[in-house]
Amino acid sequence: MSIATVGMTPLAEADDPAPVLLTVEEAARCLRIGRTTCFALIRAGELESLTIGGLRRVPADAPAAYLARRRAERRAA
């Protein structure tokens with residue numbers, strides 16, 4: 001286990017293709033925020049998500065898009 005994965009489960013194994021959808025917990029880890037805060041961002045419409053069969057999933061590019069919007073808002077202020 002490398003230093004980068006100590007205490008964290010890697011999002012994908014080396015042989016697995018890059019994930020298209022993330023769980024809310026994985027998205028929260030990407031953003032370095034808590035699960036509850038991630039759900040609050042989803043409820044507020046700030047972080048894109050979708051429901052598949054009752055499961056909430058976040059597109060893999062949504063955390064980066066959220067950060068890009070926040071940076072643009074900060075620069076505009």
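Helices and strands are here DSSP runs, with at least four residues for a helix and at least two for a strand, numbered from the N terminus. With that in hand, we can place Glu46: this residue sits in the loop between H2 and strand S2 (50-52). We will come back to Glu46 after a tour of its surroundings. Please keep in mind that this is a predicted model.

**The overall layout**

The protein chain has three helices and three strands. Read from the N terminus, these elements follow the order β-α-α-β-β-α. The chain has 77 residues, of which 21% count as buried. Among the contacts with a separation of 6 or more, 40% are between residues 24 or more positions apart.

**Two helices that cross**

Two packed helices are described by the angle between their axes and the distance between the axes. For helix H1 (residues 24-31) and helix H2 (residues 35-43), the axes come within 9 Å and cross at roughly 100°. Angles of 65 to 115 degrees count as roughly perpendicular, so H1 is roughly perpendicular to H2.

Which residues of H1 and H2 meet? From H1 come Val24, Glu25, Ala27 and Ala28, and from H2 come Arg35, Cys38, Phe39 and Ile42. By class, this contact of H1 with H2 has six nonpolar residues, two charged ones and no polar ones. Val24 is a good place to look in the model: leaving out residues up to four places away in sequence, Val24 touches Arg35, Cys38, Phe39, Ile42, Arg56 and Val58.

The table sets the two helices side by side.

| Helix | Buried residues | Cover includes | Positive phi just after the helix |
|---|---|---|---|
| H1 | Val24, Glu26, Ala27, Ala28, Leu31 | strand S1 (21-23), H2, S3, H3 | Arg32, about 60° |
| H2 | Cys38, Leu41, Ile42 | H1, strand S3 (55-59), helix H3 (62-76) | Gly45, about 80° |

**The two sides of H2**

The buried residues of H2 are Cys38, Leu41 and Ile42. Why do they lie on the same side of H2? They cover an arc of only 100° around the axis, and this puts them on the same side of the helix. On the other side of H2, Thr36 and Arg43 are exposed.

**The nonpolar core**

The largest nonpolar core has twelve residues: Leu22, Val24, Ala27, Ala28, Leu31, Cys38, Leu41, Ile42, Leu47, Val58, Ala62 and Tyr66. H1, H2 and H3 each supply at least two residues of this core. Which helix gives the most? That is H1, with four residues. The buried residues Cys38, Leu41 and Ile42 of H2 also appear in the list of core residues.

**Back to Glu46**

Is Glu46 buried, partly exposed or exposed? Its relative accessibility is 35%. Buried means under 20% and exposed means over 50%, so Glu46 counts as partly exposed.

Which residues does Glu46 contact beyond its neighbours within four places in sequence? They are Leu41, Tyr66 and Arg69. Two of these partners, Leu41 and Tyr66, belong to the largest nonpolar core. Another residue to find in the model is Pro63: Glu46 and Pro63 are 17 residues apart along the chain, and their C-alpha atoms are separated by 9.8 Å.

Notes. Residues are numbered from 1 along each chain as its sequence is written. This is a predicted model: local features need pLDDT of at least 70, side-chain atom pairs count only at pLDDT 80 or more; totals for chains, interfaces and linings use all residues. Side-chain values use heavy atoms; hydrogens and water are left out. Axes are lines fitted to C-alpha atoms, for helices over the stretch in contact, and angles run from 0 to 180 degrees between N-to-C directions. Angles under 35 degrees count as roughly parallel, over 145 as roughly antiparallel, 65 to 115 as roughly perpendicular and the rest as oblique. Contact means heavy atoms within 4.5 Å. Ala, Val, Leu, Ile, Met, Phe, Trp, Tyr, Cys and Pro count as nonpolar, Asp, Glu, Lys and Arg as charged, and the others, Gly among them, as polar. Buried means under 20% relative accessible area, exposed over 50%, partly exposed in between (1.4 Å probe, protein chains only). The arc is that of the directions from the helix axis to the C-beta atoms. A nonpolar core is a set of buried Ala, Val, Leu, Ile, Met, Phe, Trp, Tyr and Cys residues joined through side-chain atoms within 4.5 Å.
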